[in-house]
Amino acid sequence: MAYSDKVIDHYTNPRNVGTLDKSSHKVGTGLVGAPECGDVMRLQIQVDDNNVITDAKFKTFGCGSAIASSSLATEWLKGKSIDDAMKIDNMDIVEELALPPVKIHCSVLAEDAIKAAINDFRVKNGLAPIESEKVHH
Amino acid sequence: MNIPIYLDNNATTPMDPRVLEAMLPYFNEKFGNAASRNHAFGWVAEEAVDYAREQVAKLIGASEKEIIFTSGATESDNLAIKGVFEMYKDKGNHIITAVTEHKAVLDACKHVEKLGGKVTYLAVKEDGLVDLAELEAAMTPETILVSIMYGNNEIGVIQPVKEIATIAHKHGALFMTDATQAVGKIPVDVNADGIDLLALSAHKIYGPKGVGALYVRRKGPRVKVTAQMDGGGHERGMRSGTLNVPGIVGLGKACELCGLEMESEAKRLSALRDKLQSALTVLEESYVNGNVEHRLPHVANISFKYVEGEGLMMAMKDLAVSSGSACTSASLEPSYVLKSLGLSDDLAHSSIRFGLGRFTTEEEVDYAVEVTKNAVNHLRELSPLWEMFKEGIDLNSIEWAEH
């Protein structure tokens, strides 16, 4: 399968690989996917007192598109408010990375990871998790 | 050294220049139809086909009269399985095969089931070999055919064909083997091994694509298959269609070269393969799949735990290797062969097949080792599973959300 230049770029030079302190109440962690399915993403956000994401890190087990989707997600998350981060749609990732139809699930996983990280942060800070009712494309 | 390096010789092999040279005259100056019995053009073509038939037969210890030329191993598998079922269905309707067979065998068996046949798909042991006791137990008075491959295309394990043939014959069944990966790589002898039907392909042995053969035993017992292609009655009525003369000449030459060079080539390749395998299994959490004692000399299938195969291959773009079989890698499902060894899905997803060949050099193997090591290490740096493993977290204790 031919990968787009953007996927190759993120795959070769992934942005924001790493680990944040998951015990900190300022950090939200989302771990989604399953090893049996060939994709596991862990996405972490560091949030300041104004509910702005100051840092984001990821680690991903998966194909090039999965790695690129999560790398792109961390880039987009940095500097965004929690509310704006919630609005990131998997189809934005598909478009930006020119993912083929068989790889759309990678973008879905990245969106799930973002929402899981935000909800982890919310729960840690005494807020109710936001239920996503969105039907994925 | 040319990049990318080709290490996918189980998928196909480059044609040997000596094979190409032998074929070339048969495209233009010697273009005759081998079935044209009444002029010199036909005689020249027929002579070339007869010679190729001898070359193929010699490599597998057969008589030239027992070789049926086909378009490749897939057709040979289909002709053998469907042809035996149709020919012998009054004698019995049961066929035994194994779950790790090539799709050409498995799907031909599925077709037989649609025609009312019964098929037993034997599981394999953890090392990929068929359990002889299970085979024995599966034999019934209705069993007409046992079809077990010689060497596996994904993991390279060599089945105990001689013992399997003995069991099949004891119960009055024929023994067929898809020997596409084994012929030309290791000694195969239809008489010593007790093989009644054998499928082989030219393009896996440095010959051209689109040509293969089916060996059909003529003596002790005389085996017949019902033709699956109707027409002019070529190939003793078992496979109609004008013979692909240049292809057949190429297959013959390829077989001759394998016969001459196989012994030294197998030694060279197994030394290179072992070098590659030892260098890569130095990496933590890497595992060789399949039996390593009974294995084709040029194959190593290795799982690198906590990295995903497709992502890994992307990091190994300078190497042409395969993750799972090329026949199924268009899907996202992990290899059914690896899963049937009892590998978990994640380990099956993490596997790479290295297939060395006649033109593989030591320099290329050394380079492949470096590229693979760097790729595995790079992806493990990115892998949350690797981090958890290093922290001593049991991945099975986590509730993964299946998606």
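**Exercise 1. The interface**

How many residues of chain B are in contact with chain A, and how many residues of chain A do they meet? Describe the chain B side by element and by class.

*Solution.* Keep in mind that this is a predicted model.

- Step 1: count the contacts. In chain B, 22 residues are in contact with 24 residues of chain A.
- Step 2: find the elements. Helix 9 (309-315), helix 11 (345-349), helix 12 (362-382) and helix 13 (384-390) of chain B each supply at least two residues of the side that touches chain A.
- Step 3: sort by class. That side of chain B has ten nonpolar, five polar and seven charged residues.

**Exercise 2. Two helices of chain A**

Work out how helix 1 and helix 2 of chain A are arranged, and which residues bring them together.

*Solution.* Let's start with the geometry.

- Step 1: two packed helices are described by the angle and the distance between their axes.
- Step 2: the axes of helix 1 (residues 5-12) and helix 2 (residues 64-77) of chain A come within 8 Å and cross at roughly 80°.
- Step 3: angles of 65 to 115 degrees count as roughly perpendicular, so helix 1 of chain A is roughly perpendicular to helix 2 of chain A.
- Step 4: helix 1 of chain A contributes Val7(A), His10(A) and Tyr11(A) to the contact, while helix 2 of chain A brings Gly64(A), Ser65(A), Ile67(A), Ala68(A), Ser71(A) and Leu72(A).
- Step 5: by class, this contact of helix 1 with helix 2 of chain A holds five nonpolar, four polar and no charged residues.

**Exercise 3. The buried face of helix 6**

Why do the buried residues of helix 6 of chain B line one face of the helix? Name what they pack against.

*Solution.* Try looking down the helix axis.

- Step 1: the buried residues of helix 6 (residues 161-170) of chain B are Val161(B), Ile164(B), Ala165(B), Ile167(B) and Ala168(B).
- Step 2: seen down the axis of helix 6 of chain B, the buried residues fall within an arc of 165°, so they line one face.
- Step 3: the spacing fits a general rule: an α-helix has 3.6 residues a turn, so residues three or four places apart point the same way.
- Step 4: these buried residues of helix 6 pack against helix 5 (132-138), strand 5 (143-147), strand 6 (174-178) and helix 7 (190-193) of chain B.
- Step 5: just after helix 6 of chain B, Gly172(B) has a positive phi of about 75°.

**Exercise 4. A covered strand**

Trace the surroundings of strand 7 (residues 197-201) of chain B.

*Solution.* Take the side chains, then the neighbours.

- Step 1: five of the five residues of strand 7 of chain B are buried. Leu197(B), Ala199(B) and Ser201(B) point one way, Leu198(B) and Leu200(B) the other.
- Step 2: strand 6 of chain B pairs with strand 7 of chain B in the parallel sense over three bridges, and Asp178(B) has Ala199(B) as its bridge partner.
- Step 3: strand 8 (residues 212-216) of chain B runs antiparallel to strand 7 of chain B, joined by five bridges; here Leu200(B) stands opposite Ala213(B).

**Exercise 5. A three-stranded sheet**

Which strands of the open sheet 9-10-12 of chain B stand at the edges? Find the helix that packs on this sheet.

*Solution.* Begin with the strand order.

- Step 1: the three strands of this open sheet of chain B are ordered 9-10-12, with antiparallel pairing.
- Step 2: strand 9 (286-288) and strand 12 (351-355) of chain B are at the edges; each has a single partner strand, so one side of each lacks a neighbour in the sheet.
- Step 3: the twist averages 25° from one strand to the next.
- Step 4: helix 8 (residues 245-280) of chain B packs on the sheet, touching strand 9, strand 10 and strand 12 of chain B. The direction of helix 8 makes about 10° with that of strand 10 of chain B.

Key. Residues are numbered from 1 along each chain as its sequence is written. Chains are lettered from A and ligands numbered from 1 in the order in which they are written. This is a predicted model: local features need pLDDT of at least 70, side-chain atom pairs count only at pLDDT 80 or more; totals for chains, interfaces and linings use all residues. Axes are lines fitted to C-alpha atoms, for helices over the stretch in contact, and angles run from 0 to 180 degrees between N-to-C directions. Helices (H or I, at least four residues) and strands (E, at least two) are DSSP runs, numbered from the N terminus. Angles under 35 degrees count as roughly parallel, over 145 as roughly antiparallel, 65 to 115 as roughly perpendicular and the rest as oblique. Two residues are in contact if their C-beta atoms, placed from the backbone, lie within 7 Å. Ala, Val, Leu, Ile, Met, Phe, Trp, Tyr, Cys and Pro count as nonpolar, Asp, Glu, Lys and Arg as charged, and the others, Gly among them, as polar. A residue is buried if 20 or more other C-beta atoms lie within 10 Å of its own, exposed if 12 or fewer, and partly exposed in between; C-beta atoms are placed from the backbone. The arc is that of the directions from the helix axis to the C-beta atoms. Two strands pair if DSSP finds at least two bridges between them.
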